[in-house]
Amino acid sequence: MKKILFITHEYYPFGSAITNCLNPIIKQMQEQDIEVFVLTRKSTKNLKDYEIIDNVKVLRVPDHYLLLLEKRESIYKNSKSKIKKLIVRIYFHLVWLQKKFSIEDGYFTKNKTIKYGKKLLKKENIDTIISCSFPFTSHKIGSKLKKRNNIWIAYQFDPYTYNYTLMTDGKTKKRLKIELKYLKQADSVFITIENYNENMKTELKKLDYKYVVLPYALIKKTAIVKKPQNKEINLTFTGTLYEHLREPYKMLEILNKFDYKINIYYASEEPIIIGLKKYQELLGSKLKLFFKKSKLECDKALVKTNIIINIGNTMINQTPSKVFELISLGKPIINFYTNALDTSKEILKDYPICYNIDVNNFNDYNDLKQFCEKNKNTVLPFEEATKKYLKSEEVALELIKEVEKIENRQNKK
């Protein structure tokens, strides 16, 4: 039986865009008798170091930064000792400074992850490694795990060097050097069309011989969605929020004009968490916040809601994979965007029940109200909602064929 190891920053039970994209690919691999392993991080103490999820063997490496953050919150909440709280605060800020000034983008246990990975490769005799970014550190780990008899594929879901959320830190040239250095070592680089098109305008076009362009694998029938029969309107967002890249504040200011219930299921870091708490005071009972819920809980919330909220990215070279998942549900979508070239807006142009809002230039509140009232109990059949989009199974099969081509080339050497 062939064996493949995925290296990814996040995996179930906590979902992420990359996790959701990998799910149909992994299922197709299993149908073709491929044994799948996942090397990921342990972001909360409640997660197991090792478990099997849907026949996927998942190995987790403790993420000390997030585990410390979790411990800090527990001490702040439960301890009465001011000294203990002060020590934890000082230690946490030292770790935060290390995080802030590090070029590593997400992993703070890179070396330990490499160590775990080497043991796993040796024990299981794994053939192929597929590292998934963002963060790019996944590829650094993949390069260190690759041996002569291994195939290493870098799956570049999101941009790295020209990621606009990182380019303000003055390290763009350093990141370019890193990206070229590591991806030249890969047997192949899988990449989205948006990322590829932007790369061809930059120094990254030197990697063109490595690139294999693949669309996202996310149009799939995820749940049986029943038509809601609600008099009141509920709007729900699920996903990760980022400073500057995907912020909820202007959306909330617009929706505050209405009496609708707003549910936000989110993961984020401290600035967004603090910002949302301030808006909760402003909106009162209209706004409900759900922090770091499981993928299953988020999916259930989307199934129950009348209308889905999407917040577009500020980056135009990043494919918003979450949008494909929302499309598959067949529910009305309100897309809030800040960039006229918003990729979510471009993808949703073929979706029948979508309302786009430029958060910097919006005042048509009556029109938005009519859209919500008209469509609050609408659910399109799966085939009608997705007829203009590639299905996840098609993309997954295409990816597996590309992996087989690389393996065949490697065997001929």
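**Figure 1. Residue I153 sits in strand β6, residues 151–156.** The model is predicted. I153 is buried, and its relative accessible area is 0%. Leaving aside residues up to four places away in sequence, I153 touches T128, I129, I130 and S131. The same residue also touches S188, F190, V403 and I406. C132 lies 21 residues from I153 along the chain. The C-alpha atoms of I153 and C132 are separated by 8.7 Å.

**Figure 2. The whole chain, for orientation.** The chain has 413 residues, and 56% of them are buried. It holds 15 helices and 14 strands. Take the contacts between residues at least 6 apart in sequence: 71% of them join residues at least 24 apart.

**Figure 3. Six strands form an open sheet with parallel pairing.** The strand order is β11-β10-β9-β12-β13-β14. At the edges are β11 (287–291) and β14 (354–358), each paired on one side only. From one strand to the next, the twist averages 20°. Strands of a sheet pair through backbone hydrogen bonds, either parallel or antiparallel. Within this sheet, β9 (residues 234–240) and β10 (residues 261–267) run parallel and are joined by seven bridges. T236 stands opposite N263 of β10.

**Figure 4. Helices α10 and α13 pack on the sheet.** Helix α10 spans residues 295–304. Strands β9, β10 and β12 (307–311) are touched by α10. The direction of α10 makes about 155° with that of β9. Helix α13 spans residues 365–375. Its contacts on the sheet are with β12, β13 (333–337) and β14. The direction of α13 makes about 155° with that of β14.

**Figure 5. Strands β3 and β4 form a hairpin.** Strand β3 covers residues 50–53, and β4 covers residues 56–62. The two pair in the antiparallel sense over four bridges. Two residues lie between the strands. In the turn, D54 has a positive phi of about 50°. The bridge partner of E51 is V58 in β4. I52 of β3 has K57 in β4 as its bridge partner. In a regular strand the side chains alternate between the two faces of the sheet. In β3, E51 and I53 make up the covered face. Y50 and I52 make up the uncovered face.

**Figure 6. Strand β4 also pairs with strand β2.** Strand β2 runs from residue 34 to residue 42. Its pairing with β4 is in the parallel sense, over six bridges. F37 has K57 in β4 as its bridge partner. On the other pairing, I52 also has K57 as its partner. How much of β4 is buried? Six of its seven residues are, so the strand is largely enclosed by the rest of the structure.

**Figure 7. An aromatic pair joins Y196 and Y211.** A pair of aromatic rings is described by the distance of the centres and the angle of the planes. Counting aromatic pairs by this rule gives 13. In the pair shown, the ring centres of Y196 and Y211 are 5.8 Å apart. The planes stand at 85°, so this pair is edge-to-face; the cut-off for that class is over 60 degrees. The pair links distant parts of the chain, 15 residues apart. Y196 belongs to helix α7 (residues 193–199). Y211 belongs to strand β8 (residues 211–213). At 10% relative accessibility, Y211 counts as buried.

**Figure 8. Ring pairs link four residues into a cluster.** Its members are F258, Y260, F362 and Y365. A further view shows a charge over a ring: R175 lies over the face of Y160. The distance from R175 to the ring centre is 6.0 Å.

**Figure 9. Cysteines C354 and C372 are buried.** The relative accessible area of C354 is 18%. C372 has a relative accessibility of 1%. A disulfide is a covalent bond between the sulfur atoms of two cysteines. How many disulfides does a search of the whole structure find? The search finds zero.

Methods
Residues are numbered from 1 along each chain as its sequence is written. This is a predicted model: local features need pLDDT of at least 70, side-chain atom pairs count only at pLDDT 80 or more; totals for chains, interfaces and linings use all residues. Side-chain values use heavy atoms; hydrogens and water are left out. Rings of Phe, Tyr and Trp (its six-membered ring) pair if their centres lie within 6.5 Å; planes under 30 degrees apart count as stacked, over 60 as edge-to-face and the rest as tilted. Buried means under 20% relative accessible area, exposed over 50%, partly exposed in between (1.4 Å probe, protein chains only). A charge sits over a ring if NZ of Lys or CZ of Arg is within 6 Å of the ring centre and within 35 degrees of the ring normal. A disulfide is a pair of cysteine sulfur atoms within 2.5 Å. Two strands pair if DSSP finds at least two bridges between them. Axes are lines fitted to C-alpha atoms, for helices over the stretch in contact, and angles run from 0 to 180 degrees between N-to-C directions. Contact means heavy atoms within 4.5 Å.
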